[in-house]
Amino acid sequence: MPDTQSKYPPLPLVQTWVWMMVESNTPEIREKGKNNLISCFGSLAKANDYVHQKLETTKAP
């Protein structure tokens, strides 16, 4: 069964966009991070779900 998440970028890139949106002190960088997430996932909520799902599946037992 193919991975339905494979259409999304790798987790580290998505985490970088989240960092840009949340942590940057530069408004242009904040906006770019937000726009990248929305462009890729359609909404910030879906991006958040993706990050949480990826983090859950990569946790060590």
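## Overall architecture

A residue is called buried here when its relative accessible area is under 20%, and exposed when it is over 50%. The structure described is a predicted model. By the criterion of burial, 25% of the 61 residues of the protein count as buried.

The protein contains three helices and zero strands, and its elements run α-α-α from the N terminus on. About 4,500 Å² of the protein is exposed, and carbon and sulfur atoms supply 57% of that area. Among the contacts between residues at least 6 apart in sequence, 43% join residues at least 24 apart.

## Helix 1

Leu11, Val14, Trp17 and Met20 are the buried residues of helix 1. These buried residues pack against helix 2 and helix 3.

The length of helix 1 can be checked against its residue count. At 1.5 Å a residue, its 13 residues should span 18 Å; the end C-alpha atoms lie 17 Å apart, which agrees with the expected span.

## The loop between helix 1 and helix 2

Helix 1 (11-23) and helix 2 (27-41) are joined by a loop in which serine 24 lies. Serine 24 is buried, with a relative accessible area of 4%. That value is under the 20% limit, so serine 24 is classed as buried rather than exposed.

The side chain of serine 24 places a polar atom 3.1 Å from the backbone nitrogen of threonine 26. When neighbours within four places in sequence are left aside, serine 24 is in contact with Trp19, Ile29 and Arg30.

## Helix 2

Helix 2 has 15 residues and reaches 21 Å from its first C-alpha to its last, close to the 21 Å expected at 1.5 Å a residue. Its buried residues include Gly33, Asn36, Leu37 and Phe41. These residues cover an arc of only 100° around the axis, which puts them on the same side of helix 2.

The cover over the buried residues of helix 2 includes helix 1 and helix 3. The exposed residues Pro27, Glu28 and Ser39 are carried by the face of helix 2 turned away from its buried side. After helix 2 comes glycine 42, which has a positive phi, near 90°.

## Helix 3

In helix 3, the buried residues are Ala47, Tyr50 and Val51. They cover an arc of only 95° around the axis, and this puts them on the same side of helix 3. Helix 1 and helix 2 are included in what covers these buried residues.

On the face of helix 3 turned away from its buried side are the exposed residues Ala45, Asp49, Glu56 and Thr57. The span of helix 3 is also consistent with its residue count: the 15 residues (44-58) should span 21 Å at 1.5 Å a residue, and the end C-alpha atoms are 21 Å apart, which agrees.

## Aromatic pairs

The structure holds three aromatic pairs. One of them joins tyrosine 8 and tyrosine 50, with 5.3 Å from centre to centre and 65° between the planes, and is edge-to-face. Tyrosine 8 lies in the segment before helix 1 and tyrosine 50 in helix 3, so this pair ties together parts that are 42 residues apart in sequence.

Tyrosine 50 is buried, with a relative accessible area of 3%. The rings of phenylalanine 41 and tyrosine 50 have centres 5.1 Å apart and planes at 45°, so this pair is tilted. Both phenylalanine 41 and tyrosine 50 are buried. One aromatic cluster is formed by Tyr8, Phe41 and Tyr50. Within this cluster, Phe41 is one of the buried residues of helix 2, and Tyr50 is one of the buried residues of helix 3.

How values were computed
Residues numbered from 1 in each chain as written. Predicted model: local features only at pLDDT ≥ 70, side-chain atom pairs only at ≥ 80, totals over all residues. Heavy atoms only, no water. Helix = DSSP H or I, 4+ residues; strand = E, 2+ residues; numbered from the N terminus. Buried < 20%, exposed > 50% of the residue type's maximum accessible area, 1.4 Å probe, protein only. Polar contact = N/O pair within 3.5 Å; in protein donor to acceptor, adjacent residues only side chain to side chain. Contact = heavy atoms within 4.5 Å. Expected span 1.5 Å × (residues − 1). Arc of directions from axis to C-beta. Areas by Shrake-Rupley, 256 points an atom, 1.4 Å probe, with all protein chains shown as cover. Phe/Tyr/Trp six-rings, centres within 6.5 Å; stacked < 30°, edge-to-face > 60°.
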